[in-house]
Amino acid sequence: MTEPLLSVHELDVRFGGLAALSGVGFHMRAGEILGIVGPNGAGKTTLFNALVGVQRPTAGSILFQGRGISGLKPHVIARLGMTKTFQNSALFPEMSVLENVCTAALLHHRLAAAKKKAYGILERLELFDIAGEDVANLTFPQKALTELARAMATDPKILLLDEVMAALSHEEMDGVIAVIRRLREDDGIGFIVIEHHMRAILSLCDRLLVLSFGQVIAEGDPGEVVRHPDVIKAYLGDSAGAGHA
Amino acid sequence: MKTLLRRHGLALLCAALAICLPLCMEDSDYAMRIATMALIFAAASQCWNLSGGLANQISLGHAAFFGIGAYTSTLLYIHLEVSPWLGLVAGGMLAAVAAAMLSVILSRLKGHYYALATLAFAEVLRVVANSWSSVTGGPIGLTIPFKGDAPLAFQFSSPAGYYWISLGLLALCSLVFHRLASGASGYRLRAIRENEVAAEVSGIDTFRLKLRLNVLSGALMAMCGTVYAQFIYFFDPDSIFSLSGISVKVAMMSIIGGLGTLPGPILGAFFLVPLEELSTSFFSDTAGLAQCVFGIVLIAAILIQPRGLMAVWGLRHRFMKGART
């Protein structure tokens, strides 16, 4: 069996007396698509922030390609091959689509090569026609894809997508799902996806991890996990969980 | 040629004006002194613009580096007879070390907290300079011994000498700004300015880039301090480490001219320095009136054009483009 690309062990993140994450652990293989779901405040975004170095964990370890990355700076982790998109669009607002992507491509390339790479990514994600557009003028799906393109420009091995499909229609969501699948197949990129749309999660993910109050309450095949009594209880309350069981 | 004019039209116009100005004002020492002061402040404001305009590091303590430069070169000259030209370099190096240390210590602070911490740094230096009388001369200040026309001692009989040196300093500061604001570092700095966390996650070492900017900004600011001290011959802690007289003034010049743009600080300095002089000379009879008028004009300028005088240049371009189509 191959070594996991990412291993998280007993991860804790505390904000003073509040435990945002407590004893979280999971593994991920290269090219896998792992979904993370959970009610609001479950610690999903905090987990992402801890993985990419934005939030320093209080305890536990994160191994990426066999190397401990817990406590490293985000730009170092991005260089190693893991980055994320943001829950609320965090594009550079006074830059064009091309400039946003080019900025990230500078991580591994000089300016001329970075521009070329950025154009290539925009073409693959069908954003070439709006390369010169200011990001302030983009539609929701275009913003989501531009965030994805910018993250792609860092040559990630694992890409963390934080509600990239929020506010999209079903058709737009299908488009983004197709893009993610294509990137996995063509480039072998693994994805960890936080999403509230169960339809998207079930059709996209190989495996599902459910967080509630900062702890993992279920993990496994998406179809089975969503029927787990603890998961139903976390989403719908005690009576629903008991009734289902 | 057309592209060159379109892209660098304003810079070329400023350069041509700067070179022609001394020819037009040959007979007026007063006008030359105002122009020289505007150049020194334009250079200092460009230094502030490096960190404040490019990386959103809004400092209210740049007077600290200005004062370090002035005190270093002057003390070396008075006590060891070291030429202020060497003092200029020494002051720059000392300020670079101070800026690096400050940048590391304040690396976790942002926005108002960063501004207040830098303000405190300059205030500490002001208090130290006032108290350490045996070295700094205390509140009495320092007077540079007059040597007449002695270029090696950084002294000139006519204001033109100071004018050309100040112009050279402004050119140096503007060149550093241009190098950093363009190319790959320009992309990275714009990213930091617009969203620092997103920039870091996109692989940009924000700490290192800001450290580099702050060191360059501090070192060049100290050089401006040396030139300023040599030009006015006398300074004291309250004037050289002044919050309103230096720190806020250089920030205002960048903001009024156009934050984060190369011509912004130059336009701002050449608007504010003569304005301050004019209001002082016209309203000197009533105490405080000159400052009131100066303040009202500043507020009006910001209200009318919040994006700075550079935006007026942009509007002119759009107007001309519209007229051609």
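The following exchange goes through a predicted model of two chains, A and B, from its confidence to its helix contacts, cores and individual residues.

Visitor: What ipTM does the model score?
Guide: Confidence comes first, as the model is predicted. Its pTM is 0.87, and its ipTM is 0.90.

Visitor: In which helix of chain A is confidence lowest?
Guide: Chain A has a mean pLDDT of 90, with 95% of its residues at 70 or more. Within chain A, confidence is highest in helix 2 (residues 74–80), at 97, whereas the lowest mean, 51, belongs to helix 10 (residues 238–244). Where pLDDT is low, the predicted coordinates should not be read in detail. The element asked for is helix 10 of chain A.

Visitor: And in which helix of chain B is confidence lowest?
Guide: For chain B the mean pLDDT is 89, and 93% of the residues reach 70 or more. Confidence in this chain is highest in helix 4, at 97, and lowest, at a mean of 59, in helix 15 (residues 309–324) of chain B.

Visitor: How are helix 2 and helix 8 of chain B oriented to each other?
Guide: The axes of helix 2 (residues 29–55) and helix 8 (residues 183–194) of chain B come within 7 Å and cross at roughly 65°. Angles of 65 to 115 degrees count as roughly perpendicular, and the two helices of chain B are therefore roughly perpendicular to each other.

Visitor: How many residues of that contact between helix 2 and helix 8 of chain B are charged?
Guide: Helix 2 of chain B contributes B:Gly53, B:Leu54 and B:Ala55, while helix 8 of chain B contributes B:Leu189, B:Arg190, B:Ile192 and B:Arg193. These residues divide into 4 nonpolar and 1 polar, and the number of charged ones is 2.

Visitor: How many residues are nonpolar in the contact of helix 3 with helix 5 of chain B?
Guide: The axes of helix 3 (residues 63–80) and helix 5 (residues 111–131) of chain B come within 9 Å and cross at roughly 35°. From helix 3 of chain B the contact takes B:Ala64, B:Phe65, B:Ile68 and B:Tyr71, and from helix 5 of chain B it takes B:Phe121, B:Ala122, B:Leu125 and B:Ala129. With no polar and no charged residues in this contact, the nonpolar count is 8.

Visitor: Which element gives the largest share of the largest nonpolar core?
Guide: This core has 122 residues, of which A:Leu6, A:Phe26, A:Leu51, A:Met82 and A:Ile192 touch the most other members. The largest share of the core, 16 residues, comes from helix 2 of chain B.

Visitor: How many residues has the other core that lies apart from it?
Guide: One member of the largest core, A:Met82, touches A:Leu6, A:Leu51, A:Val52, A:Phe64, A:Ile69, A:Ile77, A:Ile158 and A:Leu160, leaving aside residues up to four places away in sequence. The other core lies apart and includes A:Ile33, A:Met165, A:Ile177 and A:Phe191; its size is 51 residues.

Visitor: How many of the residues of helix 1 of chain A are buried?
Guide: Helix 1 (residues 44–52) of chain A is largely enclosed by the rest of the structure. Its buried residues are A:Lys44, A:Thr46, A:Leu47, A:Phe48, A:Asn49, A:Ala50, A:Leu51 and A:Val52, and just after this helix A:Gly53 takes a positive phi of about 90°. The count of buried residues is 8 of the 9.

Visitor: Is A:His75 buried or exposed?
Guide: A:His75 has its place in helix 2 of chain A, and it touches B:Glu200, B:Gly203, B:Ile204 and B:Asp205, not counting residues up to four places away in sequence. Buried means under 20% relative accessible area, so A:His75, with 12%, is buried.

Visitor: Is A:Glu10 buried or exposed?
Guide: A:Glu10, in strand 1 (residues 6–15) of chain A, has a positive phi of about 45° although it is not a glycine. Its relative accessible area is 56%, and A:Glu10 is exposed.

Visitor: What is the relative accessibility of B:Glu81?
Guide: B:Glu81 lies in the loop between helix 3 and helix 4 (84–105) of chain B. Phi of B:Glu81 is near 55°, a positive value in a residue other than glycine. B:Glu81 counts as exposed, at a relative accessibility of 66%.

Technical notes: Residues numbered from 1 in each chain as written. Chains lettered and ligands numbered in written order. Predicted model: local features only at pLDDT ≥ 70, side-chain atom pairs only at ≥ 80, totals over all residues. Heavy atoms only, no water. pLDDT = per-residue confidence, 0-100. Helix = DSSP H or I, 4+ residues; strand = E, 2+ residues; numbered from the N terminus. Axes fitted to C-alpha atoms, helices over the stretch in contact; angles between N-to-C directions. Parallel < 35°, antiparallel > 145°, perpendicular 65-115°, else oblique. Contact = heavy atoms within 4.5 Å. Nonpolar A, V, L, I, M, F, W, Y, C, P; charged D, E, K, R; others polar. Core = buried A, V, L, I, M, F, W, Y, C linked by side-chain atoms within 4.5 Å. Buried < 20%, exposed > 50% of the residue type's maximum accessible area, 1.4 Å probe, protein only.
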